[in-house]
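Here is a short tour of a protein with a ligand, written with a modeller's eye in mind. Have the viewer ready and follow along.

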Amino acid sequence: MFDKILIANRGEIALRVLRAAKELGIATVAVHSTADADAMHVRLADESVCIGPPVARESYLNMPALIAACEITGADAVHPGYGFLSENARFADMLDAHNITFIGPKAEHIRIMGDKIEAKRTARRLGIPCVPGSDGGVTEDAEALRIARDIGFPVIIKAAAGGGGRGMKVARSEDDIVVALQTARTEAKAAFGDDAVYIEKYLEKPRHIEIQVLGDGKGHAIHLGERDCSLQRRHQKVWEEGPSPALNASMRAEIGDVCAKAMQELQYIGAGTIEFLYEDGKFYFIEMNTRIQVEHPVTEMITGIDLVNEQIRIAAGAELSIKQSDIVLEGHAIECRVNAEHPSTFRPSPGRIQSFHTPGGLGVRVDSAAYQGYVIPPHYDSLVGKLIVHGRTRNECLMRLRRSLDEFVVDGIDTTLPLFRKLVRNQDIQNGQYDIHWLEKFLAAGGMD
Ligand code: ADP
């Protein structure tokens with residue numbers, strides 16, 4: 001096992017990793033920018049190192065500073081959390097060259113899944129069902145038009161290097177396609193420094209359903225059921241739940257089995273998520289995330305398995321301790337991402353939290369690095385915390401979520417708590433009847449007015 005883990009992240013996920021490391025008896029090193037000197041992850045870690053100024057490029061994304069921090073403190077492993085360097089194959093290689101373990105998959109797998117064209121090709125080869133579309137990148141207008149006619153309009157043009165919901169353009173007819181292609185390419189170049197794009201059939205009313213997987217690279221891989229992340233705004237997840245209100249046990253077992261077998265064949269190491277769009281009883285692969293995800297607690301609440309603990313154990317060379325038959329889904333869990341944003345305009349609202357009171361009681365978990373008096377810096381994402389609630393049934397979960405949201409107090413800044421208080425009382429949400437466009441339509445129709 002490792003002696004000391006350096007956590008190359010901040011906020012609630014740095015705390016989450018720190019907790020798992022402490023429970024394993026491993027010492028922790030926090031890193032922070034000058035803007036985060038007062039942060040909770042710095043206070044709770046055994047040691048801390050300042051790695052640069054507020055701007056992430058010079059601190060949390062600064063690879064030489066992170067390696068130097070490992071060397072100064074003698075850390076023998078790095079957990080990257082999510083975001084920042086978590087899906088950076090070069091960082092994994094660099095750590096390897098310094099004999100420091102990257103707690104994550106092989107650099108080769110990060111590379112494949114980081115290029116969406118390559119990822120889709122690999123998924124297809126592994127027997128995972130994909131969205132119909134171009135076989136690889138598309139450069140010529142004529143070629144784009146031919147493919148779009150072939151699969152039928154509407155189509156979506158997506159950046160190969162895409163992420164965070166950026167670099168996507170929908171074309172509804174032949175007239176739109178040239179402009180959509182150009183815009184997608186320009187945006188992709190600006191956002192990711194790579195203008196490669198590809199085409200997919202645009203699904204009109206899918207749900208976003210993702211399968212959590214774990215592999216040990218030693219021939220074992222399992223799935224831990226699904227999360228339904230259909231409630232999105234601008235392709236960003238807002239509310240996640242598991243199990244999905246749209247799946248039954250046999251559908252879950254079928255797609256889960258496909259994913260577990262694929263990961264076994266790939267000899268995948270660590271935690272990962274295979275993301276699908278789901279429409280009319282069919283699954284369509286969109287991408288794979290080779291890291292722990294923001295919404296991982298949903299799976300932890302219904303399986304009782306600590307995913308970060310598993311990540312650390314697997315990275316240290318352990319075999320998977322759990323068999324597929326050990327995974328029993330119990331009850332229902334919902335996560336709300338509470339952001340420091342205005343609940344209807346979504347304008348970021350950094351600043352000082354005047355009062356902070358988190359809900360508690362049976363089945364209630366809050367993952368947050370905030371506290372009373374904490375100042376949310378403007379430099380990073382706007383997550384204040386995640387409220388995750390578990391119940392024996394979906395209905396119990398919704399009732400518990402409703403009272404937990406009412407108990408949650410964050411004063412001094414705007415948060416999205418009022419949005420969740422509306423959602424939990426909404427009939428469609430209560431019925432589990434929503435697709436990936438539901439939330440945008442709800443907001444456009446003045447749902448928050
Ligand atoms: P990113 O990596 O930027 O998050 P994804 O490929 O995971 O991009 O897609 C993000 C979201 O965009 C999906 O959850 C879905 O809402 C929407 N989306 C992506 N592909 C399609 C498609 N073919 N049809 C309809 N919506 C799509």
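The report below starts at the ligand and then turns to a sheet and a helix.

**Around the ligand**

Please keep in mind that this is a predicted model. The ligand is surrounded by 20 residues, and the closest are Lys116, Gly165, Lys201, Gln232 and Glu287. By character, the shell around the ligand divides into seven nonpolar, six polar and seven charged residues. Four strands each supply at least two residues of this shell: strand 6 (155-159), strand 8 (197-201), strand 12 (269-279) and strand 13 (282-289).

If you are setting up interaction terms, these polar contacts with nitrogen atoms of the ligand may be handy:

| Protein partner | Ligand atom | Distance |
|---|---|---|
| Lys158, polar side-chain atom | nitrogen | 2.9 Å |
| Glu200, polar side-chain atom | nitrogen | 3.0 Å |
| Leu203, polar backbone atom | nitrogen | 3.0 Å |

Taken alone, the ligand exposes 550 Å², and the protein buries 96% of that area.

**An open sheet and its helix**

Elsewhere in the report's scope is an open sheet of five strands, ordered 3-2-1-4-5 with parallel pairing. Strand 3 (47-52) and strand 5 (101-102) stand at the edges with a single partner strand each, so one side of each is left without a neighbour in the sheet. Strand 5 pairs with strand 4 (residues 77-79) in the parallel sense over two bridges, and Ala77 stands opposite Thr101 in strand 5.

Which strands does helix 3 (residues 63-73) lie across? They are strand 1 (4-7), strand 2 (27-33), strand 3 and strand 4, and the helix runs at about 155° to strand 3.

Conventions
Residues are numbered from 1 along each chain as its sequence is written. This is a predicted model: local features need pLDDT of at least 70, side-chain atom pairs count only at pLDDT 80 or more; totals for chains, interfaces and linings use all residues. Side-chain values use heavy atoms; hydrogens and water are left out. A residue is near a molecule or strand if one of its heavy atoms lies within 4 Å of it. A polar contact is a pair of N or O atoms within 3.5 Å; within protein, one must be able to donate a hydrogen and the other to accept it, and residues adjacent in sequence count only if both atoms are side-chain atoms. Accessible areas come from the Shrake-Rupley method with a 1.4 Å probe; for residues, only the protein chains shown count as cover. Ala, Val, Leu, Ile, Met, Phe, Trp, Tyr, Cys and Pro count as nonpolar, Asp, Glu, Lys and Arg as charged, and the others, Gly among them, as polar. Two strands pair if DSSP finds at least two bridges between them. Contact means heavy atoms within 4.5 Å. Axes are lines fitted to C-alpha atoms, for helices over the stretch in contact, and angles run from 0 to 180 degrees between N-to-C directions.
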